[in-house]
Amino acid sequence: VTTNEMAKILGISESTARRDINFLADTGKVIKVYGGAMFDPQDVDTKEDSFEQRMDINATEKGKAAEKALELITPDDFIYIDAGTTTKYIADNFNMNGVRIVTNGIEHARILASKGNEVVLVGGNVKISTDAIVGTLAVNTLDKYHFTKGFFGTNGMTQREGFTTPESNEALVKRTAMEQCLEKYVVSDSSKFGQISAVTFFSFDGAVILTESCSKEYKDCRNIQIVS
């Protein structure tokens, strides 16, 4: 971010912004560069915990976001459900006839099909760590669909970097599926705000965010829907 941009965003003078950058640099929060500051590359999260490790983290908050997602689905919808731990709560609690569903989540497909739903699991390469289908075949399949609604997970989200995930193959599947959705929803607990993973898969303002809360920094974002 440049000093000028920081001053405009925060409503402060450029001299104050420069002092703030100096302070943040001195405390190791940012790296000072000519005309502004940047994140330390070490602040970008490139690791990816397993599906099982992430499943019970912020479970209550994930459940609230998923519950709101379920309220948005109607019997005539043709929906996409992204792989991930938060979207698994959608599959776990899904109870509606007539909805056609496509997913790249292996466990999601099993749960939804066991309830008698019409489910398509996209083909491709199996990614064990996220229990997901990824790869070129998945992308080529999704590119031919036209969904009324799509529900996606994310590893991080910021206004500048958008929605991010650690791995490029999974990012490409997410992006392709989102582009094919008329209505796009990111279902996430609030801990993902301000987090940055290695690969951006969609712009921050390109989807409605269903979450249980957000910090003051994001409270004026019109695409954030707080659920209770």
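This passage describes the main pocket, a surface patch, two local features of the chain and the salt bridges of a predicted model.

The largest pocket encloses about 950 Å³ of space and is lined by 19 residues, among which Val1, Met6, Ile9, Phe39 and Glu217 lie nearest its centre. At least two lining residues come from each of α1 (3-10), α2 (14-26) and β2 (36-38), and α1 gives the most, with four residues. When the lining is sorted by class, 11 residues are nonpolar, three are polar and five are charged.

Val1 and Ile9, named above among the residues nearest the pocket centre, also belong, together with Leu10, to a nonpolar patch on the surface, for which the combined accessible area is about 290 Å². Leucine 10 is placed in helix α1 and counts as exposed because its relative accessible area of 53% is over 50%.

Another exposed leucine, leucine 137, likewise has a relative accessible area of 53% and is found in helix α7, which spans residues 136-142. Its C-alpha atom is separated by 4.9 Å from that of glycine 124, although the two residues are 13 residues apart along the chain. In the loop between β6 (125-127) and β7 (132-134) lies aspartate 131, which has a positive phi of about 55° although it is not a glycine.

The count of salt bridges in the model comes to 10. In one of them, the side chains of lysine 68 and glutamate 71 meet with an N to O distance of 3.5 Å; these residues are three apart in helix α4 (residues 59-71), and they are therefore separated by about one helical turn. Lysine 68 is partly exposed, at 21% relative accessibility, whereas glutamate 71 is exposed, with a relative accessible area of 55%.

A further salt bridge joins the side chains of aspartate 82 and lysine 174, at 2.5 Å from N to O. This pair links distant parts of the chain, 92 residues apart, with aspartate 82 in the loop between β3 (78-81) and α5 (85-93) and lysine 174 in helix α8 (residues 168-179). Both aspartate 82 and lysine 174 are buried.

Lysine 127 forms a salt bridge with glutamate 167, their closest N and O atoms being 3.5 Å apart. Here too distant parts of the chain are linked, since lysine 127 lies in strand β6 and glutamate 167 in the loop between β10 (162-165) and α8, 40 residues apart. Lysine 127 counts as buried at 11% relative accessibility, while glutamate 167 is partly exposed at 21%. Through salt bridges that share partners, Lys127, Glu167 and Glu170 are joined into one network.

Key: Residues are numbered from 1 along each chain as its sequence is written. This is a predicted model: local features need pLDDT of at least 70, side-chain atom pairs count only at pLDDT 80 or more; totals for chains, interfaces and linings use all residues. Side-chain values use heavy atoms; hydrogens and water are left out. On a 1 Å grid over the protein atoms alone, a cavity is a set of points where a 1.4 Å probe fits but cannot get out, and a pocket is an open set with protein on both sides within 12 Å along at least five of seven lines; lining residues have an atom within 4 Å of a point. Grid points are joined across faces, edges and corners, and a volume is the space filled by probe spheres set on the points. Ala, Val, Leu, Ile, Met, Phe, Trp, Tyr, Cys and Pro count as nonpolar, Asp, Glu, Lys and Arg as charged, and the others, Gly among them, as polar. Patches are made of residues with over 30% relative accessible area and no salt bridge: like charges are joined within 9 Å, nonpolar side chains (Val, Leu, Ile, Met, Phe, Trp, Tyr) within 5 Å. Accessible areas come from the Shrake-Rupley method with a 1.4 Å probe; for residues, only the protein chains shown count as cover. A salt bridge is a side-chain nitrogen of Lys or Arg within 4 Å of a carboxyl oxygen of Asp or Glu. Buried means under 20% relative accessible area, exposed over 50%, partly exposed in between (1.4 Å probe, protein chains only).
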